[in-house]
Amino acid sequence: MKKPKPIAEIASTGRFLPDNVVTNDDLAERMDTSDEWIRTRTGIRERRIAPPEMGAAELGARAARVAMERAAVEPGEVDLIIVSTATPDRWLPSTACDMQALLGCSNALAFDVMAACTGHMYGLSMAEGYIASGRGEVALVVAAEKMSAILDWEDRTTAVLFGDGGGAAVLKPANGSGRGILSSHLQSDGNLAELLYRPGGGAVDPLSQSVLDEGRHLLKMQGREIFKNAVRSMAEACDIALKKAGWTALDVDLLVPHQANIRIIEATAKYAGIPMDKVFVNVDRYGNMSSATVPIALDEAIEEGRAGPDANILTVAFGAGLTWGAMTIRM
Ligand code: ACO
């Protein structure tokens, strides 16, 4: 099979994590759970929780500033801002527009993508298409998630799983060296929406006292069903993305998976034929930050020297929608 030629490359990445660390023991003081249960079922030890006044736009903007500085991109040079978030600061306008104002990127067009945990990959793929069309050269793809704002803190089955954070990447046209996004496979299945959703507070069931009293505006999840679907879909997506890139598992230097649960990560890696020493894991420190997990993990991997120049990266995610996808990138 002919090897694909990258159109766009990741020029830089950045991340931001709020300072406030909440441990499993902290949670056990306010709900009926334990460090042992959370660690053994999920691999999570602690997560970061943003202060009340810090929204998704701010979380993402802080990550974006780091990425822009590393790529030596001035605010006025950014052509496109795509923000993935499941926790927009407001219903109107988009979080991307609020972030644009914070960053001063006055020449950009900005919009949100709502694809839950797979959102960063959807964003990268859309930015790649935009660059391919020749309509712009510098894209800022940001994932900004304040999951603590949409959790039911009375529900131990979901509250212990998530955290807050922001991750970002600057995408530019590939320079012909072979570095860049080689392949992607993105998919969704709206028939399974109710496995992980926020039932109320939108246009069908607008915000009302009864929505608030019953917590219908908060996240609901059928964990077991999500688990099964996640492993199957991520495994398939890895297969397809690898094939499209002309790679096998042996070509992968590092798997950067969505960080929801260590058992899902291990099962996906096993299926993909990638040993755990080639898998990046930080779910223990941050929990599930929805779409922000992949860019934050990639940024940490780069900093640790595990995703340096010419490293072959396979990244994979799964989330509400349902949505899922995988991407191969030569750094
Ligand atoms: N502490 C203690 N006990 C708990 C807790 C908790 N925090 N949560 C649930 N339990 C109890 C349950 O009540 C149940 O008790 P019971 O047997 O008396 O009824 C028992 O533990 C087992 O519960 P299960 O839900 O069957 O536990 P499971 O082993 O399936 O693990 C988990 C639950 C961790 C949620 C797992 O199903 C999972 O990780 N699923 C995937 C979730 C996920 O990744 N979601 C994010 C998707 S990405 C996105 O788009 C946001």
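Here is a short question-and-answer session on a predicted model of a protein chain with a ligand.

User: How do you know which values to use in this model, and how are residues numbered?
Analyst: Residues are numbered from 1 along each chain as its sequence is written, and side-chain values use heavy atoms, with hydrogens and water left out. The model is predicted, so local features need pLDDT of at least 70 and side-chain atom pairs count only at pLDDT 80 or more, while totals for chains, interfaces and linings use all residues.

User: What makes a residue part of the shell around the ligand?
Analyst: One of its heavy atoms must lie within 4 Å of the ligand. The shell has 27 residues. T33, R41, C117, N261 and A320 come nearest.

User: Why is the T33 pair with the ligand called a polar contact?
Analyst: A polar contact is a pair of N or O atoms within 3.5 Å; within protein, one must be able to donate a hydrogen and the other to accept it, and residues adjacent in sequence count only if both atoms are side-chain atoms. An N or O atom in the side chain of T33 is 2.6 Å from a nitrogen atom of the ligand. That value is within 3.5 Å, so the pair counts. R156 uses a backbone N or O atom, 2.9 Å from a ligand nitrogen. G223 also uses a backbone N or O atom, at 3.0 Å.

User: How much of the ligand does the protein bury?
Analyst: Taken alone, the ligand exposes 1000 Å², and the protein buries 76% of that. Accessible areas come from the Shrake-Rupley method with a 1.4 Å probe; for residues, only the protein chains shown count as cover.

User: Which helix gives the most to the shell?
Analyst: α8 does, with four residues. Helices (H or I, at least four residues) and strands (E, at least two) are DSSP runs, numbered from the N terminus. Elements that each supply at least two shell residues include α2 (35–42), α6 (156–159) and β12 (312–319).

User: Why is the ligand said to lie between the domains?
Analyst: Domain 1 (8–177) and domain 2 (181–330) both give residues to the shell, so the ligand lies between them. The domain bounds come from an automatic or database domain assignment.

User: How do you know that the domains meet?
Analyst: The C-alpha centres of domain 1 and domain 2 lie 14 Å apart. Their contact (heavy atoms within 4.5 Å) takes 51 residues from domain 1 and 45 residues from domain 2. The two domains bury about 3800 Å² between them, 60% of it on carbon and sulfur atoms. Buried area is the accessible area (1.4 Å probe) that two parts lose on being put together, summed over both. In domain 1, R15, C117 and M121 lose the most area to domain 2.

User: What makes the backbone at P93, L322 and A72 worth a look?
Analyst: Most residues other than glycine have a negative phi, and most peptide bonds are trans. A cis bond joins L92 and P93, with omega about -5 degrees. Another cis bond joins G321 and L322, with omega about -10 degrees. Phi of A72 is near 55 degrees, a positive value. A72 sits in the loop between α3 (56–70) and β4.
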